[in-house]
Amino acid sequence: MSAATTPAPCSPEDVRRVACIGAGVIGGGWVAHFLARGYDVTAWDPAPDAEDKLRRLVAAAWPALEQIGLADGASQDRLTVTATLAEAVADAQFIQESAPEKLELKRSLLAELDAAAPAGVVIASSTSGYPMTDMQTEAADPARLVVGHPFNPPYLIPLVEVVGGERTDAAAVEWSARFYDVAGKSVITMDRELPGFIANRLQEALWREALHMVANGEASVEDIDASITEGPGLRWAFMGPCLTFALAGGEGGMAHMLDHFGPSLKSPWTRLEAPELDRTLRDAMVDGCEEAAKGRDYAQLVAERDQGVIDVLRATGRLGGAR
Ligand SMILES: NC(=O)C1=CN([C@@H]2O[C@H](COP(=O)(O)OP(=O)(O)OC[C@H]3O[C@@H](n4cnc5c(N)ncnc54)[C@H](O)[C@@H]3O)[C@@H](O)[C@H]2O)C=CC1
Ligand SMILES: C[N+](C)(C)CC(=O)CC(=O)[O-]
C-alpha cells in the first residue's frame, strides 16, 4: 500500500452524506443501513426499475431496523435516487460501490467514480473477492480506493472487511475503517490482500464441500443446512471456529485438541477442489433450496432471516444503541 496521504474532506465522525452506487441486494442493503443510521443517502443504478426495487427493499428492511433502533432523524425520506452517477456522488462524503461482480465493470466504474467524486472522498467497493490492486488499475487517483466487503444483509450483519490495494493510501484504509465503525459496523482491517478476504475464504471452503455432497447425492440441501443451523452454527454466532475447537480439547485446550484430532486433518474428508458447476448440480441446488423453503417466498425468507439475526444479536448482547 502507498505510504502517501490523501486528505479526506472531513473526518469520519462528520460524514452526513453517503452515496451508494449499484442498488441491488447489497447496494440496497447498504442504503437501508446508512438511512437507519441517520445519513442522507444518494443512490444511482442504471437499471430502469432500480428506484422501485430499491425503495421496496428499504421499506421491507425498515421494520427490522426500527426494532434494533433508528438513529435520531433517520428516515426513508432522506434517500434521493439520482438520474446520473455524477449527481449521486457530487456532494458525497463517502461512496460505497455495489455493482455486479465483474472485474472489467468494476475497473471502469471505479475510474468513473474517481473522476466524478469530490477530491479526497474515499470510495469503497463491496466486492466479495477481487483484490483492490486488480480493480484500481484505471483510476486517476487509486489512492482513495478501498475494499469494504459487507455481509448480507448489510443493514443487520455487522462485519465489514476493509483492505486496500497496492496503490491505496494507507490513510484511506484507516479513514474508511473508522468511518464504518462510526456508522455502526464491526470492522476487520486487513494489512494485506487475500483473495476472498478472510470470511469468504472460510465460507467458500464450506460451500465447496456442500456442492460436492449435493453433486454426489451424499446429502440433501436440507440436511446440509440443518447440519449447520442445528450444529456448529449455534456456536459460531458468538465463538469462532478456533476457540470452539480449543474447547473440544477439554481442559487440555487447543494443544490436546491438535494432538488428539490433528492427524484427521489428513484424512480424506475434504474434496476442496471445486466441483464442476454443471447444469445438473445447478438444478439440484436450485430444486433443493426450493424444497427447503417449504413454500416460503423470498419476502417471507428475508423477514425470517432478519428476525433470526436480530434475535441472535440481542441474545448475544450485541445490539448497541444507534448513532
Ligand atoms: N449478494 C451478496 O450476498 C453479496 C454481494 N457482495 C458484492 O456486492 C456487489 C453487488 O452484488 P449484489 O448486490 O449481490 O448484485 P445485484 O445483482 O443484486 O445488484 C447489482 C446492481 O448493480 C446494478 N448495476 C449494473 N451495472 C452497473 C453499473 N455499471 N454501475 C452501477 N450499478 C450497476 C444492477 O442494475 C443491480 O441493481 C458485488 O460486488 C458482490 O460481490 C458482497 C457481499 C455479499
Ligand atoms: C455469496 N457471496 C460470496 C457473495 C457472499 C458474500 O460475499 C458475503 C456474505 O454475505 O456471505
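The following legends describe close-up views of a predicted model.

Local features require pLDDT of at least 70 and side-chain atom pairs count only at pLDDT 80 or more, while totals for chains, interfaces and linings use all residues. Residues are numbered from 1 along each chain as its sequence is written, and chains are lettered from A and ligands numbered from 1 in the order in which they are written.

**View 1. Packing of helices α1 and α2.** Helix α1 spans residues 25-36 and helix α2 residues 50-68; the two pack at about 50 degrees, with axes 9 Å apart. Helices are DSSP runs of H or I with at least four residues, strands runs of E with at least two, both numbered from the N terminus. Axes are lines fitted to C-alpha atoms, for helices over the stretch in contact, and angles run from 0 to 180 degrees between N-to-C directions. The packing angle therefore makes α1 oblique to α2 (under 35 degrees is roughly parallel, over 145 roughly antiparallel, 65 to 115 roughly perpendicular, and the rest oblique).

**View 2. Residues between α1 and α2.** Gly 28, Val 31, Ala 32, Leu 35 and Ala 36 of α1 meet Leu 54, Leu 57, Val 58, Ala 61 and Leu 65 of α2 (contact: C-beta atoms, placed from the backbone, within 7 Å). By class, this contact holds 9 nonpolar, 1 polar and no charged residues (nonpolar: Ala, Val, Leu, Ile, Met, Phe, Trp, Tyr, Cys and Pro; charged: Asp, Glu, Lys and Arg; polar: the others, Gly among them).

**View 3. Surroundings of ligand 2.** Ser 128, Phe 151, Asn 152, Asn 200 and Gln 203 surround ligand 2 (C-beta atom, placed from the backbone, within 6 Å). This shell comprises 1 nonpolar, 4 polar and no charged residues.

Key:
Two residues are in contact if their C-beta atoms, placed from the backbone, lie within 7 Å.
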